[in-house]
Structures are given as structure tokens and as C-alpha cells.
Amino acid sequence: MRDVISELLESWQSGEIVGMGTVVQAIRSAPRPPGASMLVAADGTVSGSVSGGCVEGAVYELSQEVVADGTPVLQRYGFSDDEAFAVGLTCGGIIDVFVEPISRETFPELADVAADIRDGRPVAVATVIEHPDAQWLGRRLIVRPDSVQGSLGLRRADDAVADDVGGLLAAGSTSVLTYGPRGERMDTGMRVFVNSYQPKPRMIVFGAIDFAAAVARQGAFIGYHVTVCDARPVFTTKARFPQADEVVVSWPHHYLQNELDANRIDNRTVICVLTHDPKFDVPVLDLALRLEGAQRPAYIGAMGSRVTHEDRLIRLREVGLSDEHLARLSSPIGLDLGGRTPEETAVSVAAEIIALRWGGGGDRLTDTNRRVHHGRTPAEDVDHLAT
């Protein structure tokens, strides 16, 4: 829903009823992830996408039917062969799409949820997508770290779902939960789609150099909240880094320590050290590589040649870092793309971050037989279907 929230809120505020299709489950090489949405406005205008074009026509027609009928529908789209589904995905995957009418009546909490998403406050929307009683379809809970809004219609179900959704929200996870029709655990009959909205993950770029400007652009492009930090005010300006959300003049290790003290570093944070200067990069890497638990970054990379890398390792060992600590460092930074320019280097850095996030190997797809889209293993796909 995040990708169409502006258009959705505009229609909602005008009192219109719109049809919204949302991917709630994706299997194998599905083109869009769970949470991707497509809107069909009252005038027929389409916003967003659930498949990149493969099944948009079918979802468009179903959205119009749902708006006219008023009853949400869960529809599966997959292979277009004799044994599979009516509308196929060209990529060979499978998606489940929940199509529902959205209006002030069906989603009275939308304005509050939109404000949370806009302002970066954690919020999760839990929607009933399958139930023996059609009247339950589309009912939802809005779960925040300190509150629950709405009701599924039964206290037992509310309590069970709210408890589980709180855990998913804390982890920033989007998933489908399964219960009995009245919220019974270890039972089936009701499925609830949980769409968690967390603030953007952070990318912190240390070093106000040309390569940093390119890395900041790539970071913003792939969805990070980007901070550029350097101790040299003459280079560390918003004019030089227009794509960065924040530009901070500070010694890198001082800034990182302040962010740690404020609990603004987590397991989704990526850190790129591009300074090329030991007096800057050794102290900040010494701090970053020692982090554990909830404050251990997802990625720590440092730029430099092979010679610079070897010298950096010596210096980091001298300040007490172990081989285990140093194994967390991506240095030289990025994947081996053969790039030379700042922009090409930034693409290699972004590619490495994406590969580590989803478990990709960084190989040419034409040379592999692995699934195109990562996220779950095939065995996990089977387990997910079983639930």
C-alpha cells in the first residue's frame, strides 16, 4: 500500500470507493513482493502494480467487480497451462492478490495510517483475507508499538492477532498468519495478511567525496534514508549531496557513537566508509565492527585498493579487532563489476548490499539455475503454502 498511499488517500478524502488489489503472498519468481498494491479509482484510473503487467488486466476487472459487489476477493494468479490458473505470470511465479473496496466506511483508520507512514512511525495493518464467514473479509486491526486500533469482531481473535502482529512489526516483517475461524491458535480457517510499515532503513556514508555522492544517489534509489557524514565542512554540504536526506559535519566515530546512544542504529543499517584516510576510517570501523545484537549493522563496507585494504587490516588489528570482527567487513567495497567511475562503483556497492540482503550470489543469472527472486528457500515456500 505504501507505493499508492498518496492516490489512495486522495480518493478516500474525496469520499470515493476505490478497488485495491494487494499481493499478499508471492511464490517462486513472482514479479512483485507481498505488500505491492494496485488501485482502480472510480473514474477507471490505475495506480501501482501487482505484477509488472502480467495480470493487471484481470485485477483491474476484478477490482471493478469488487467495488460494485462490496465483497473482497482473494484470487490466485499463476502458470497459464491446462492444470494451473486462469491468468498466468510470464515469470513463472504465483501470486495471491487480495482485492477489496476501500472507502471511509471500510477503512476509517486510513488517514492515521497514512500519517504514520509519511512521518516514519512504525505501524502494521492486519487484514482478514480468508475466512469461512464472508462478513469477516476485509476486517482489520491497526497495530502500533503502543496501541491497537479497530477490531476483527471478536475479542479472542483481536488479542491473538494483535500479539502476533506486534512481533512482526518489531521485526519489520510482512507476512500471512493463520488461525482458526475465531482466532484459535494451531488451527486453520482464517488467514490474516500483515503489512508492516517501518521507517526506511538507514545508509550512513562516511567521507564527503565524489564517490560518496554517487553512493548516496544509489542508496536513495534503492530505498534507504541516506546520511553523509564528514568532519570537513568545506566538502560536507547539502549542495554537493542533494540526494542525501541528511548531511552532517562531524568526526565519523563521534557521529556513529551519538547515533548508537540515541538507538538509531539497527540490524537494517548499512555503513559505507569511503574516506581513504586512516584517521577517519579506523576509529569508525573500530566502533562499527564491534557492534552486537540489535545494533549490529546489516553491512559494513570500506573503500580502497588492495594495498589500502591490507594496511587498514593491520591498523584495525592494532586497535584490538579480532579475525571474527574483521570478517564482517566488506573491503574492498562492492561487487566485482569492473567499474571505474564513481557511478559505476556506486552500482557495485548497491549490488553487494542487495545481494547480502536477499542472499544473492552476485553471479550472472545466465550462468546459474537459481531462482531469480530470493527471500525464501523452496522448502520454506512449501512450508508457507502448508500454513
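Helices, of at least four residues, and strands, of at least two, are DSSP runs that are numbered from the N terminus. The exercises below use these elements in a model that is predicted.

**Exercise 1. State how many helices and strands the protein has, and decide how its radius of gyration compares with the globule rule.**

Solution. Begin with the count, which gives 11 helices and 16 strands. Next, take the radius of gyration, which is 23 Å and close to the 21 Å that the globule rule gives for 387 residues, so the protein is as compact as a globular protein of that length. Finally, consider the extent along the principal axes, where the C-alpha atoms fill a box of roughly 65 × 45 × 45 Å.

**Exercise 2. Work out the order of the strands in the open sheet of six strands, and find which strands are at its edges.**

Solution. Following the sheet from one side to the other, one reads the order β13-β12-β11-β14-β15-β16, and the pairing is parallel. The edge strands are β13, residues 246-249, and β16, residues 329-330, each of which pairs on one side only. Looking more closely at β13, one finds that four bridges join it to β12, which covers residues 225-230 and runs parallel to β13. Within this region, D230 stands opposite V249 in β13.

**Exercise 3. Describe where helix α7 lies on the strands, and classify its angle to helix α8.**

Solution. First place α7, residues 278-288, which lies across β11, β14, β15 and β16 and runs at about 160 degrees to β14. Then turn to α8, residues 306-318, whose axis comes within 10 Å of that of α7, the two crossing at roughly 55 degrees. Because of this angle, α7 is oblique to α8. The handedness is the next step, and α7 passes α8 in a right-handed crossing. For the residues involved, P278, D281, V282, L285 and D286 in α7 meet R312, R315 and L316 in α8. Sorted by class, this contact of α7 with α8 has four nonpolar, no polar and four charged residues.

**Exercise 4. Locate the cis peptide bond that leads to P332, and the residue that has a positive phi although it is not a glycine.**

Solution. For the peptide bond, go to the step from S331 to P332, which is cis, with omega near -5 degrees. P332 itself lies in the loop between β16 and α10, the latter covering residues 342-358. For the positive phi, go to M186, where the angle is about 60 degrees. As for its surroundings, M186 is found in the loop between β9, residues 175-179, and β10, residues 190-197.

Conventions. Residues are numbered from 1 along each chain as its sequence is written. This is a predicted model: local features need pLDDT of at least 70, side-chain atom pairs count only at pLDDT 80 or more; totals for chains, interfaces and linings use all residues. Side-chain values use heavy atoms; hydrogens and water are left out. Two strands pair if DSSP finds at least two bridges between them. Contact means heavy atoms within 4.5 Å. Axes are lines fitted to C-alpha atoms, for helices over the stretch in contact, and angles run from 0 to 180 degrees between N-to-C directions. Angles under 35 degrees count as roughly parallel, over 145 as roughly antiparallel, 65 to 115 as roughly perpendicular and the rest as oblique. A crossing is left-handed if the near helix is turned anticlockwise from the far one by less than a right angle, and right-handed if clockwise. Ala, Val, Leu, Ile, Met, Phe, Trp, Tyr, Cys and Pro count as nonpolar, Asp, Glu, Lys and Arg as charged, and the others, Gly among them, as polar. The radius of gyration is taken over C-alpha atoms; the globule rule is 2.2 Å times the number of residues to the power 0.38.
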